[in-house]
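Here's a quick tour of a predicted model, from the overall make-up down to one sheet and the nonpolar cores. Have the viewer open as you read.

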Amino acid sequence: MPGAMSDEMDEIVAEFLVESVESLDRLDRDLLTLERDPRSPEVLAGIFRTMHTIKGTCGFLGFGRLERVAHAAESLLAALRDGSLTLTPTVAGSLLATGDALRAMLAEIEATGVDGDDDHDALVDELERLRKGGTAEAVVEAPAPRTPAVVPAGAVAPDASVRVDVALLDGLMTTVGQLVLARNRLAELVGEDAAPELQTAAQRMSAITAELQRSVMETRMQPIATAWAKFPRVVRDLAMTLGKQVRIETEGGETELDRSIVEAIKDPLTHLVRNAVDHGIETPEVRSAAGKPEEGVLRVRAWHEGGQVGIEVTDDGDGIRGDALLQRAVTQGFVSLQQARAMSERDVLDVIFAPGFTTSSEVTNVSGRGIGMDVVKANVERVGGSVEIQTEPGRGTTFKIRIPLTLAIVSAFLVHAGRERYAIPQVNLLELVHVERGAIELLHDAPVIRHRGRILPLVDLARELGEPVVVFGRDDAEAVPVVVLSAEDRRFGLVVERVGDPSEVVVKPLGALLTGHELFAGATILGDGRVAMILDVVGLARGAGVSDGAGSAPARGDAAPQQRRAGLLLCAHPTGRIAVPLRIVERLVDRPRLVGSLSLADEDRFLPFGDRSIPLVEIGDLLGERRAVDRPMGGEPAEEPRQVLIVRDGSRIVGVAVSRAIDVVEEPLELQPASRPGVRGTIVVDGRPTEVLDLPALLASHGGAAPAVEAVG
Amino acid sequence: MKRFATFVVDGRTLGVDVARVREVTGARELTPVPLADPAIAGLLNLRGEIVTAIDLRARLGLPAAEAVADDGSEAMHVVLTGAEPVSLLVDDVGDVVEVEEDAFELPPVTLRGPAGELIRGAYQREGALLLELDLDRALDARTERDEVSRP
């Protein structure tokens, strides 16, 4: 029969395969839930139903071997369900093994069209033996309450979704990408002098395009739980092999990401989880000797953070001992003794990411083959993310990953170098500053500036690109624009000729002919139809030697890094000092060019931001202070704020005018109580009281709730 | 019978299997890729698609062309079929020609350096020589200049 399969049959089989693989993943999760709560009738009923469906369908499709295995498992499940048998680790193990056998057979069907030649006799016998209670683990407890054979109707939600081929979604995304490009081109052609009707129409089209883009991107969103669905199983099996007890807890599984990113981080995350069980968490004996509970806990957590997603893999194991790590790095020849002496705590931990480095003295089948952490890092960085380690000896280790929500369309801004323009992803941008030539110093022959209390190394973009024109060499330039970027947690200033506008760019990967080119992350088509290269900030930093140079790191406090708090951006405003969470500040712009009237009514004030205009508000107005028109703002005319914080709160983008940004400080654990609404509390920095603002609440009460795109019309 | 799409590079007539050619287009603005292989002419926007242009002169080790040739003609792009959009930057584009398979000869011994490596063979045609370009080698970034040094 399978040999003469009609097209229709092929389709049915293909659907069966997809559905069965999904069901088996669910089966794994349910079984692990059941291990903790062996009496749950709902979970048992769910497992039984899954197995029953697989058995029924493969019987219909003529996959006899598959059917036989599923049937044996179903019979065992029936015994569990009617209470004549309780779930023991052995029973759970054999059911999990059934899942694996079924998966193998499904893979066989996908590859060859038939369910293989393995009858899985041993497994079927085992299932049969367990069903008959053929172990010492006979039921001694009172029989479990009988599970209703029919699942309550409420358990099955009405089907409000459809299954869509991924290729179709990818195609849709490409088309929307082209629409965004066409929209950008149109916006450029319409310009500022066009007839008002044309401008309105173009703005309308722009808003609709943005909406469509958002919707399409949403359809591609997948909860991150799909990437870690298999973790409970991985942890269980690995812990058993190693004789360890590990409980996995997950949080934030509903956090959504573009499916290509979910796909890309699946392997790195799995690797981190395996590593945590293998190297992090100790054996029960060691743990109890150290006064810890025998069962180790592995926490996997995800959450949204600005336009990014943060993921943490935390274990409560033994942590990473910096000195032992360093010693191993020296013996394995990754660092010289001389280098080792100069390394900061963070540099030492980064050794873990060196290619070929291993902390295992023996090669096990789990890890220790010297591949892994460098691959983890590379894979995360490939999708524009970063990895950092926090560890506390004896207490545990946390790996924190930050990745963008989506890859296909990103916020970027343009810089000029030579005759070309280059796009830099917004996520790497900290701020834009103008640096007077006199402020550039040489430190070990490398140009640096002092910026917000730190030494910031400068990188000349033109020089890195091999362009003949080097900005430093030009005598006519009095001040140079410097883009402050962060890469792998290190900061540097990129000297460019000119900074252009921010815009949404559609990222196109570079072809095979250009792969391995570290400086570029891709290419994009700009509004005028020309192609621009997208800079890979990590590659750029590496190429310029910033990431490796010890001089790039500021004098970091020796406080324990594991408790580092979110940063606050300290700003001056006419009536005092304020601080806002750095997390919501997308960027900082100097001396903005205002659009609309310069009247003092806030609703008329807009700031051009890329291809849209965003509302501009004053800190004083947010706080309900009386505006002092005659009070100079940092020496500038009152209606010209010197710097504007671009604040993103959900989908809303607002410009908040301040006199100037002063520094980034770490958020203290405790705030002194607030003195007025909209203020979370007060801290003292440099001997001056500083109000920590609850900016999202202030903006919400201020009523700037309209999405930025509509604010233009 | 084989059908070749032909084009001219530095006065020579080259051809590739016509099935490998998607379209031919005139000169376009190229965005250079700094620090890339010299044979990468740059990237161009072909109706919303980003195409990698290969400078066939550079690839064949021939002298660079003037931006606009003496006769006023500009470089043309031969866009190839395949998963990855690639174009060959050539001096001019010729006709599609048919040749007899048995007219095939090995490349002339006078072809040296990269040119010799990238030419699969030649066809005598009405007194002129049509050189068949080995596309797979021409597009393989790994067959690089180490072959230039061969005798």
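What follows covers the chain overall, then a sheet, then the cores.

## Ground rules

This is a predicted model, so to speak of local features pLDDT must be at least 70, side-chain atom pairs count only at pLDDT 80 or more, and totals for chains, interfaces and linings use all residues. Residues are numbered from 1 along each chain as its sequence is written, while chains are lettered from A and ligands numbered from 1 in the order in which they are written.

## The chain overall

Chain A has 19 helices and 28 strands (DSSP runs numbered from the N terminus: H or I, at least four residues, for helices; E, at least two, for strands). Of its 713 residues, 37% are buried, meaning 20 or more other C-beta atoms lie within 10 Å of a residue's own, with C-beta atoms placed from the backbone.

## A six-stranded sheet

In chain A, 6 strands form an open sheet with mixed pairing, ordered β10-β14-β15-β13-β12-β11; strands pair if DSSP finds at least two bridges between them. Its edges are β10 (429–436) and β11 (441–443) of chain A, each pairing on one side only.

β11(A) runs antiparallel to β12 (residues 446–451) of chain A, over 3 bridges. There, E441(A) sits opposite V448(A).

## Nonpolar cores

The largest nonpolar core (buried Ala, Val, Leu, Ile, Met, Phe, Trp, Tyr and Cys joined through C-beta atoms within 7 Å) has 94 residues, with I424(A) and L535(A) making the most contacts inside it. Strand β8 (residues 409–417) of chain A supplies the largest share, 7 residues. Apart from this core lies another of 38 residues, including W228(A) and I401(A).

Notes:
A residue is buried if 20 or more other C-beta atoms lie within 10 Å of its own, exposed if 12 or fewer, and partly exposed in between; C-beta atoms are placed from the backbone.
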